[in-house]
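Here are a few notes to read alongside the structure. Have it open while you go through them.

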2 protein chains.
Amino acid sequence: MKAAADPAGRQVAVLVVILTVNEGRLQVLLIRRSAEPFKDAWSLPGGLLTPGESLQEAAVRKLDDETGLTDVFLEQLYTFSDLDGRGSIAVAYFALVDIGVAHLSRRREWLPAWFPVDDLPALAFDNEGVIDYALRRLQAKLDYSNVAYSLLPEEFSLSQLQRTYEAILGRALDKRNFRKRILSLDIVEPTGRVASEGRHRPAQLYRFRERKAVVF
Amino acid sequence: MKAAADPAGRQVAVLVVILTVNEGRLQVLLIRRSAEPFKDAWSLPGGLLTPGESLQEAAVRKLDDETGLTDVFLEQLYTFSDLDGRGSIAVAYFALVDIGVAHLSRRREWLPAWFPVDDLPALAFDNEGVIDYALRRLQAKLDYSNVAYSLLPEEFSLSQLQRTYEAILGRALDKRNFRKRILSLDIVEPTGRVASEGRHRPAQLYRFRERKAVVF
DNA sequence: CCAAAAGTGTTGGCTGTACACCCATGT
DNA sequence: ACATGGGTGTACAGCCAACACTTTTGG
């Protein structure tokens, strides 16, 4: 609020770590860079703030560009000041999307694609660190919030929910304890419908009582 | 990482919420603004990034300017993009200091002073919101980290530590349970010395095993 | 009838909470 | 002697983790 240095300001970019669960694995959306530096390397989607735009607006815009989604869990993660070596500021966000409704942008130059977080290609800048940070934050939030609502369709079985948790935490969970805990948290309610997909016993379907982030 | 808009960049400022515990109350350091807008209003210390400086460096510099301290708990809090109405980006940090060793800057124009967080004057911009955010984060961290190390002198009694916790949480704690919990966390160790200050029974002194932030 | 996933309870250990009295010191 | 804060143990409740079998369906 004082000091007159640096009147020209800084480049401010927004990065978005977009996560989903697919085929039992936690995956992150990456694009191929079309500009130097790190041209043709994989990186997190992001871009500079446009004039008059807030950080949240820029993150929402980026997410929409890449997935066509706007109404999902999206949270500020951390602000980095040295990712590209010099000067620019990068504000990282992380978002959780249901792969079933995310439609990847097909702008050919960007080549967006999903990668399992435990099997990433070489990344531009220090993007591994950013993804790692997002992952730890997500794991911490699973325990005391309903963030997973954003990774699943509106109706889902408890087994599906459990598989989602297991993908994120990277370890198996006990079925009975899981159900007991989720039900006692009172964050889901049965829909009365059952899922007949598969060649197995139909499962009771549930929905989240709140389809927005709730912290306990 | 793409898009060429806004080549001039943005003003990037750092804000520091400097907290201490004094006289049983959690207090925050405020300065009086010497420039418009909000000239003469109280506000959080902060300033623009200088060229070539990282965010962390700027926060450390600001903290040093105000308190003469550098080796304390300091953590990034959140990045705001609309605090001053338009355009500029403010990266907020929060710091915890021992009031016994913090020496307030005496540059007359700034008038730094401590205010209890539950009795703040009118503040510039949306600084109340920033302080509130810092307070909630601090309360959450108390439970699963040793952040309080930064609020106390090197040696302290468990009663002192408890008073510090109570000031932050804003409620009384049970003495026996508090001691049991702290000791079982294994974050402090007895120094063997006792404090003879006061006109009371001397207290066993402890120190933190780690004088840096440890998260569990 | 077989394969695959859904659904369902009990027990033991641990952790957190409530609660009251005696002690050492300085004045 | 008294005022002040330092120091200590136990009992109960709630929470979490471990653990295995039966049911329903489709093929």
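1. Let's begin with what lies around DNA strand C. By class, the surface near this strand has 3 nonpolar, 5 polar and 10 charged residues. Here "near" asks for a heavy atom of the residue within 4 Å of the strand. As for the classes, Ala, Val, Leu, Ile, Met, Phe, Trp, Tyr, Cys and Pro are nonpolar, Asp, Glu, Lys and Arg are charged, and the others, Gly among them, are polar.

2. A word on the source. This is a predicted model, where local features need pLDDT of at least 70 and side-chain atom pairs count only at pLDDT 80 or more, while totals for chains, interfaces and linings use all residues. Residues are numbered from 1 along each chain as its sequence is written, chains are lettered from A and ligands numbered from 1 in the order in which they are written, and side-chain values use heavy atoms, with hydrogens and water left out.

3. Back to DNA strand C: it is surrounded by 18 residues, and the closest are Ser159(A), Lys175(A), Arg179(A), Gln204(A) and Arg199(B). Sugar and phosphate make up 43% of the strand C atoms that come within 4 Å of the protein.

4. Now some polar contacts (pairs of N or O atoms within 3.5 Å). Gln204(A) has a backbone N or O atom 2.8 Å from a phosphate oxygen of DNA strand C. On the base side, an N or O atom in the side chain of Asn177(B) sits 2.8 Å from a base nitrogen of DNA strand C, and for Asp174(B) the side-chain distance to a base nitrogen is 3.3 Å.

5. Which element gives the most to the surface near DNA strand C? Helix 4 of chain A does, with 4 residues. Helices here are DSSP runs of H or I with at least four residues, numbered from the N terminus.

6. DNA strand D also has 18 residues around it, the closest being Arg199(A), Arg201(A), Lys175(B), Arg179(B) and Gln204(B). The largest share of the surface near DNA strand D, 4 residues, comes from helix 4 of chain B. A polar side-chain atom of Lys180(B) lies 3.0 Å from a base oxygen of DNA strand D, and one of Lys180(A) lies 3.3 Å from a base nitrogen.

7. How do the two chains relate? A turn of 180 degrees and a shift of 0.0 Å along the axis lay chain A on chain B with an RMSD of 0.1 Å, using a least-squares fit on C-alpha atoms of residues with pLDDT of at least 70 in both. The two copies are therefore related as by a two-fold rotation axis.

Methods: Polar contact = N/O pair within 3.5 Å; in protein donor to acceptor, adjacent residues only side chain to side chain. Helix = DSSP H or I, 4+ residues; strand = E, 2+ residues; numbered from the N terminus.
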